[in-house]
Amino acid sequence: MNGKHWTTKDIPDLKGKTVIVTGGNSGLGFEAVKAFVSKGAIVIMTCRSTIKGEIARENIKNSIPKAEIILMELDLANLSSIQNFSDKFKQSHTKLDILVNNAGIMMVPYALTVDGFEKQIGTNHLGHFALTGLLLDILKKTPGSRVVNVSSLAHKSGVMDFDNFMYNNGNGYKPMKAYGRSKLCNLLFTYELQHFFETNQIDCKAIAAHPGVSDTNLFSHSIPKWVMVLLRPFTLFFIQPASMGALPELRAATDPMAKGGEFYGPNSHSEMKGFPTVVQSNQASHRIDDGKKLWQLSEKLTSVQFK
Ligand SMILES: NC(=O)c1ccc[n+]([C@@H]2O[C@H](COP(=O)([O-])OP(=O)(O)OC[C@H]3O[C@@H](n4cnc5c(N)ncnc54)[C@H](OP(=O)(O)O)[C@@H]3O)[C@@H](O)[C@H]2O)c1
C-alpha cells in the first residue's frame, strides 16, 4: 500500500489481464470498469441493456480514450443468456484473469426470472453461480485467476430456508428478506467456491466484497427518486460515492496480498463507508452445511455442474 489507505493508486499494472465485470454500465460496476481499464486491463463490460452499455462505454472512453472495453450482453435473470454469453466469451478469449460478479437488484416486488426463479435470488445468486460454473474451465486455464462476489451488509438479515428457498408462489416473500438471503448466498457461495478451488488444487481465488452504503441506482428499485432527493441531506452522513463503494471489490480483485476466502468492506462508520479492509461476515455465512446444500441446490436448479 502506498499510503495509509488502499485506493485505486494501489492497483497494480493490469496490462495483459482480461477482466469481466457484470453490471458494468452502472454504479459500482461502472466505477470498477473505469479503474480496471485505467490500469491497462481489457474489460468485458456485461450489460443487460446494450443501449445503456454503449452510453457507459462512451462515457469512460471520453475520459480514458485508450480504454479497452468490450461490451457484451448478459441477462443474469435468464439461463440461456448466460449460456450464450459464456459461449461467445470463450470463442473469442483464451484467458480470464478476474471475474467480478457485481450486478444485482435490491428489494424488488415478488417476481420470477425467465427460468422461474425468485428474481432477487435468481439474479444475484443463481445467475452468478451459473456464470461462474460455465466460465470455470477458462478460469482454471488462467494462472492466478480470481472470482470476486459482491455481497452486502444486508447478508446479516438473510436467513436460509431450504424448504422455501425461493418463496414459492410468493409465500412469505418480503423484498428485504429475499435481498438479504441472496446476499447471504453470495457469501456462502464464495466460501464454498474457495474450498472447491483448494480441494481441487485450482490456482484461482474466491473473494467477497461489499461496498457499505453507496450512491448508485440500486435504491431506485425500492425508493422513489423524489424521496431520495428529499432524504439526500441526511443520507450524506452515511452514503459514500460509488467510486468509494467500488474500492472493496477492486481490492479483492487486484491486491496481490488478498487471500482466497477473504471478505473486503469499508473500514469506518460500522462498515457503511470508508476505505477497503478485510472485514468479517456473520456466522450464518460460514455454515459449511448450508454452503454445501446451497451449492448442490444451485447446481440442480441451474443445471450447471462445477467440474
Ligand atoms: N449501492 C449500495 O449501497 C450497495 C450496498 C450493498 C451491496 N451492493 C451490491 O453492489 C452490486 C452493484 O450494485 P450497484 O449499487 O452498483 O447498483 P446499480 O447502480 O443499480 O447497478 C446494478 C447493475 O446490475 C445490473 N443488473 C441488474 N439486473 C441484472 C440482470 N438481470 N442481468 C444483468 N445485469 C443486471 C444493472 O443493470 P441495469 O442498469 O440495466 O439495471 C446494473 O448495471 C449489487 O450486487 C448490489 O447488491 C450495493
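**Close-up views of the predicted model**

**View 1. The β9–β10 hairpin in the predicted model.** In β10, Val 278 is the bridge partner of Tyr 264. Four bridges hold the pairing of β9 and β10, and its sense is antiparallel. The two strands make a hairpin in which four residues lie between them. His 269, in the turn, has a positive phi of about 50°.

**View 2. The open sheet of eight strands.** The strand order is β3-β2-β1-β4-β5-β6-β9-β10, and the pairing is mixed. Why do β3 and β10 each have one side without a neighbour in the sheet? Both β3 (68-73) and β10 (273-278) stand at the edges with a single partner strand each, so one side of either strand has no neighbour in the sheet. From one strand to the next, the twist averages 25°.

**View 3. Pairing of β1 with β2, and a helix on the sheet.** Strand β1 (residues 18-22) runs parallel to strand β2 (residues 42-47), and five bridges join them. Thr 22 has Thr 46 of β2 as its bridge partner. Helix α2 (residues 50-63) packs on the sheet and touches β2 and β3. The direction of α2 makes about 175° with that of β3.

**View 4. Helix α9 (residues 247-254) packed on the sheet.** Strands touched by helix α9 are β4 (98-101), β5 (145-150), β6 (204-209), β9 (263-268) and β10. Between the direction of α9 and that of β5 the angle is about 160°.

**View 5. Surroundings of the ligand.** The ligand is surrounded by 29 residues, of which the closest are Asn 25, Ser 26, Tyr 179, Ser 214 and Thr 216. Sorted by class, the shell holds twelve nonpolar, 13 polar and four charged residues.

**View 6. Polar atoms beside ligand oxygen, and cover by the protein.** A polar backbone atom of Ser 214 lies 2.7 Å from an oxygen atom of the ligand. For Thr 216, an N or O atom in the side chain is 2.6 Å from an oxygen atom of the ligand. At Leu 218, the distance from a polar backbone atom to an oxygen atom of the ligand is 3.2 Å. On its own the ligand has 890 Å² of accessible area, and the protein covers 96% of that. Two or more residues of the shell come from each of the elements α1 (27-38) and α6 (175-199).

**View 7. Thr 216 in its loop.** Thr 216 sits in the loop that lies between β7 (214-215) and α7 (225-235). Which backbone nitrogen does the side chain of Thr 216 reach? The nitrogen is that of Leu 218, at 3.1 Å. With neighbours within four places in sequence left aside, Thr 216 is in contact with Gly 27, Leu 28 and Ala 242. The side chain of Thr 216 also has an N or O atom 2.6 Å from an oxygen atom of the ligand.

Notes: Residues numbered from 1 in each chain as written. Predicted model: local features only at pLDDT ≥ 70, side-chain atom pairs only at ≥ 80, totals over all residues. Heavy atoms only, no water. Near = heavy atom within 4 Å. Polar contact = N/O pair within 3.5 Å; in protein donor to acceptor, adjacent residues only side chain to side chain. Areas by Shrake-Rupley, 256 points an atom, 1.4 Å probe, with all protein chains shown as cover. Nonpolar A, V, L, I, M, F, W, Y, C, P; charged D, E, K, R; others polar. Pairing = 2+ DSSP bridges. Axes fitted to C-alpha atoms, helices over the stretch in contact; angles between N-to-C directions. Contact = heavy atoms within 4.5 Å.
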